[in-house]
Amino acid sequence: MRVTVVGAGVVGTMHAWQAVERGHQVVQIEREAEARGASLRNFGQIWVSGRAGGEELEAALRARELWEGIGGRVPALGFRPNGSLTPVRGPLELAVAEAAVARADAAARGYKLLTPGEARALNPALRGDFTAALYCERDAAVEPRTAQLALRAELLKSPNYTFLPGREVRDVTGAGTVRDDHGDTHHADAVVLCTGAWLGGLVRELAGPDLPVRRVRLQMMQTDPLGEPLTTSVADADSFRYYPAYASKALDELNARQPQPDTAAAHKMQLLMVQRADGGLTIGDTHEYEHPFAFDTVEEPYEHLTGVVESLLGRPLPRVRHRWAGVYAQCTDPGKVVHRQQVHEGVWLVTGPGGRGMTCAPAIAETTANELGW
């Protein structure tokens, strides 16, 4: 079988990986020299802890298994099963963590409620004051800025794989036939469009104006090396307000009695933090849903995040050396992991994983391959 994959972000690259693994001939087309979108501008988290129960959690757990297997073959991914800690303060935040640990699927996630001493034994960098910490053993991480490069280097070892960068797909002219802006035509038995937040142009023509996917903008930052290991990923209790796994009466009580600070509420914020291979910290993030998006980054969210991080670390944050904004595509139906739609004979659009893209991409691609009979 011949497969054409359009898009070289993590979702597209995992579709190429699945096709090559199953013995098919693959051409992957990317409009830029390398993917530059949300697949690089994220935390690199394989984030099981906050996923909704049911299909979303199953996808995250399957993806976690696949990431670990691929990481064993491709060490440059930087896969590490580091787990995560979410320190909580006071009885209201503690009650949400206790409700999470009481979930029927808590064991599958690897949830444990730790004392401050137990949390610091696991992650000594957390020297700030907190009441307890929710641990999720199944969380993991990779290096987002280099993961696609590492995967592609492995794919290029196969004679069945071709990468064509710097080409934009302009037309789908027939069953499995794609024309790019170099004037070349690519024939395949299946075409998968993994175009990320690029939802206009050809995607709109093929999928129609009512695509149930929206674009979300975020702000993040990265610091100089911390100077010591941050052995787990770290979140704050505002992540309880963002991720569906934490929905409970205890969360309702937290929202009613202890609302977010004004800056965090205005920018729909949570703290997520991961240490990079060079020792720096990736820290975020905000969420902006209303169009048109701002073209600049604003400082107040960074100031808020700095204060939260310093209160957990009990020390000043290293110098911030990168700040950026990114945009990802998110299904408007919160019950769907991804939007998968046949838009033409032999052509499928796979988009809208939202903040789940880095986590779930291997499982999303595996499901596509299975459904299409690859």
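A crossing of two helices is called left-handed if the near helix is turned anticlockwise from the far one by less than a right angle. Keep that in mind, everyone, as we look at this predicted model, where helix α3 passes helix α9 in just such a left-handed crossing.

Let's stay with that pair for a moment. Helix α3 covers residues 90-101 and helix α9 covers residues 249-257, and their axes lie 8 Å apart at an angle of about 160°. Angles over 145 degrees count as roughly antiparallel, so α3 is roughly antiparallel to α9. Who does the touching? On the α3 side we have L92, E93, A95, V96 and A99, and on the α9 side A250, L251, E253, L254 and R257. Sorted by class, that contact of α3 with α9 comes to 7 nonpolar residues, 3 charged ones and no polar ones.

Now for a second helix pair. The axes of α1 and α2 cross at roughly 75° and come within 14 Å. Since 65 to 115 degrees is the range for roughly perpendicular, α1 and α2 are therefore roughly perpendicular to each other. If you want to click on the residues, V10, M14, W17 and E21 of α1 meet W67, I70 and R73 of α2. Here the classes come out as 5 nonpolar, 2 charged and no polar residues.

Two of those names come up again in the core. The largest nonpolar core holds 48 residues, and M14, V26, W67, L77 and W374 are those with the most contacts inside it. Several elements each supply at least two residues of this core, among them β1 (2-6), α1 (10-21), α2 (55-73) and α12 (357-371). There is also a second, separate core of 30 residues, which includes A106, A141, L251 and L272. You have met L251 already, in the contact between α3 and α9.

Let me zoom in on V26. Apart from neighbours within four places in sequence, V26 is in contact with V3, V5, A16, A19, V20, N160, Y161 and T162. A little before V26 in the chain is H24, in the loop between α1 and β2 (25-29). Is H24 buried or exposed? Its relative accessibility is 10%, and the cut-off for buried is under 20%, so H24 counts as buried. Not counting residues up to four places away in sequence, H24 touches M1, V3, A19, N160 and W374.

Back in helix α1, we find Q18. Q18 is buried too, with a relative accessible area of 11%. What does Q18 touch, leaving aside its neighbours within four places in sequence? The answer is P362, A365, E366 and A369.

My last stop is C331, in strand β17 (residues 320-331). C331 is buried, at 5% relative accessible area. Beyond four places in sequence, the contacts of C331 are P212, V213, K336, V338, H339, T351 and G352. One of these, K336, is found in the loop between β17 and β18 (339-344). K336 is partly exposed, with a relative accessible area of 29%. On the same footing of skipping sequence neighbours, K336 touches C331 and R356. For a sense of distance, C331 and A8 are 323 residues apart in sequence and 20 Å apart in space, C-alpha to C-alpha. For K336 and A8, 328 residues apart along the chain, the C-alpha atoms are separated by 22 Å.

That's my tour, and thanks for listening!

Notes: Residues are numbered from 1 along each chain as its sequence is written. This is a predicted model: local features need pLDDT of at least 70, side-chain atom pairs count only at pLDDT 80 or more; totals for chains, interfaces and linings use all residues. Side-chain values use heavy atoms; hydrogens and water are left out. A nonpolar core is a set of buried Ala, Val, Leu, Ile, Met, Phe, Trp, Tyr and Cys residues joined through side-chain atoms within 4.5 Å. Buried means under 20% relative accessible area, exposed over 50%, partly exposed in between (1.4 Å probe, protein chains only). Helices (H or I, at least four residues) and strands (E, at least two) are DSSP runs, numbered from the N terminus. Contact means heavy atoms within 4.5 Å. Axes are lines fitted to C-alpha atoms, for helices over the stretch in contact, and angles run from 0 to 180 degrees between N-to-C directions. Angles under 35 degrees count as roughly parallel, over 145 as roughly antiparallel, 65 to 115 as roughly perpendicular and the rest as oblique. Ala, Val, Leu, Ile, Met, Phe, Trp, Tyr, Cys and Pro count as nonpolar, Asp, Glu, Lys and Arg as charged, and the others, Gly among them, as polar.
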